Amino acid sequence: MIMNTDFRYQLESKRLTGHQPVKLTCPHCGKKKCLVRYVDTRNGFHYVADTVGKCDHQHSCGYHYKPSDYYRDNQWATEPKANPDNYCQPKPLPPFQPLPMTFVNRSHSPRSIFWQWMMTDFAMHIGITQEQLHKVFEDYLVGATRKGNVIFWQIDHQGMVHAGHIMQYRIDGHRNGFQGWTHIPLMRTGLLPPDWQLYQCLFGEHLITRRPDAHICIVESEKTALAMAACQPEHLWLATAGSSGLSPEKLACLRGRRVTLFPDSGCYDKWNEQMSHVKDIDYNISNSLEQYPPNTDLCDLLLEG
């Protein structure tokens, strides 16, 4: 797999250059090491400018200054000509290597603080039984770490494990800020090779073959997918694990299925733009959450009654 270089300017990434991006302080929110800069793929991967890039904090900041905007705003800055002699071919990525299913089976446990909240406060507030939630827990193979963090496993429609998304929740059901991935400690301890590459898939994707006729609904967070699966089990709920988690590669498994997307409030336009690159999928995007404050999702509405 090789990074698409149809676009001359791209955000710096390990997939593109072969090394971790050097992040700067965001000029908008002032947070350190969160601005990913654009590089020129036709001119030695040089940076356009130290302000031309995208902030990691998409919801709280949203800073995104594109090269086209930079050259429009700064007439004195002449866009360099593409230099064929200085063209850098993106680094080829290592092939996809699935994680062992034994990791999923070993972690499959109700020990997480997140799951305790769902089985108590969430169940009582929504008016559903613990048996209903237990079925969701089993279907989605939700795991837990020894420290009580939840693991949302990404398993594709062929049953191959792509990743384990680790998140920390408080007993009130709100995130505690920490998140990570199961492959990071595995690489550090030598259980995975140092060049192991993360290729994400949709959370809950392994269920699409079990339910060939179900209407598929896509949300951003795994928490919301589980909550909606418990409340509206007639639909199959999947999650992107991030507002930038829509791509033709990840959604290819949904060809021939009926799909509805429910972006968090404030992300409707962004998901519309991402889906414009997806072909051969019968989908529609709901804008029903746009009337609410930013970052509101379907789970928030459930809890608010």
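This is a short dialogue on reading helix 4 and two loop residues in a predicted model.

Student: Let's start with helix 4. What span should its 14 residues have, and how far apart are its end C-alpha atoms?

Tutor: Count 1.5 Å a residue, and helix 4, residues 113-126, should span 20 Å. Its end C-alpha atoms sit 18 Å apart, which agrees.

Student: Where does helix 4 bend, and by how much?

Tutor: Look at M119: helix 4 bends there by about 30°.

Student: And what follows helix 4?

Tutor: That would be G127, and its phi is positive, near 85°.

Student: Now the packing. Which residues of helix 4 are buried?

Tutor: Color these on your screen: F114, W115, W117, M118, M119, F122 and A123. So M119, the residue at the bend, is on the buried list too.

Student: What covers those buried residues?

Tutor: Several elements do, including helix 5 (130-140), strand 6 (150-155) and strand 7 (161-169). Helix 7 (222-231) and helix 10 (298-304) are also among them.

Student: Let's take helix 5 from that set. How are two packed helices described?

Tutor: You use the angle between their axes and the distance between the axes. Here, the axes of helix 4 and helix 5 come within 10 Å and cross at roughly 150°. Angles over 145 degrees count as roughly antiparallel, so that is how helix 4 runs relative to helix 5.

Student: Is that crossing left-handed or right-handed?

Tutor: Right-handed, for helix 4 against helix 5.

Student: Which residues meet where these two helices pack?

Tutor: From helix 4 you have W115, M118, M119, F122 and A123. Across from them, helix 5 brings Q130, L133, H134 and F137.

Student: Let's try single residues in loops. Where is D280, and is it buried or exposed?

Tutor: Find the loop between helix 9 (268-275) and strand 12 (282-285); D280 lies there. Exposed means a relative accessible area over 50%, and D280 has 62%, so it counts as exposed.

Student: What does D280 touch, beyond residues up to four places away in sequence?

Tutor: R255 and G256. You can also check a distance along the way: I208 is 72 residues from D280 along the chain, and their C-alpha atoms are separated by 17 Å.

Student: And T296: where does it lie, and is it buried or exposed?

Tutor: T296 is in the loop between strand 12 and helix 10. Its relative accessible area is 10%, and under 20% means buried, so T296 is buried. Leaving aside neighbours within four places in sequence, T296 is in contact with D264, S265, L289 and L301.

Definitions and conventions. Residues are numbered from 1 along each chain as its sequence is written. This is a predicted model: local features need pLDDT of at least 70, side-chain atom pairs count only at pLDDT 80 or more; totals for chains, interfaces and linings use all residues. Side-chain values use heavy atoms; hydrogens and water are left out. Helices (H or I, at least four residues) and strands (E, at least two) are DSSP runs, numbered from the N terminus. The expected span of a helix is 1.5 Å times one less than its number of residues. The bend at a residue is the angle between axes fitted to the seven residues ending there and the seven starting there. Buried means under 20% relative accessible area, exposed over 50%, partly exposed in between (1.4 Å probe, protein chains only). Contact means heavy atoms within 4.5 Å. Axes are lines fitted to C-alpha atoms, for helices over the stretch in contact, and angles run from 0 to 180 degrees between N-to-C directions. Angles under 35 degrees count as roughly parallel, over 145 as roughly antiparallel, 65 to 115 as roughly perpendicular and the rest as oblique. A crossing is left-handed if the near helix is turned anticlockwise from the far one by less than a right angle, and right-handed if clockwise.
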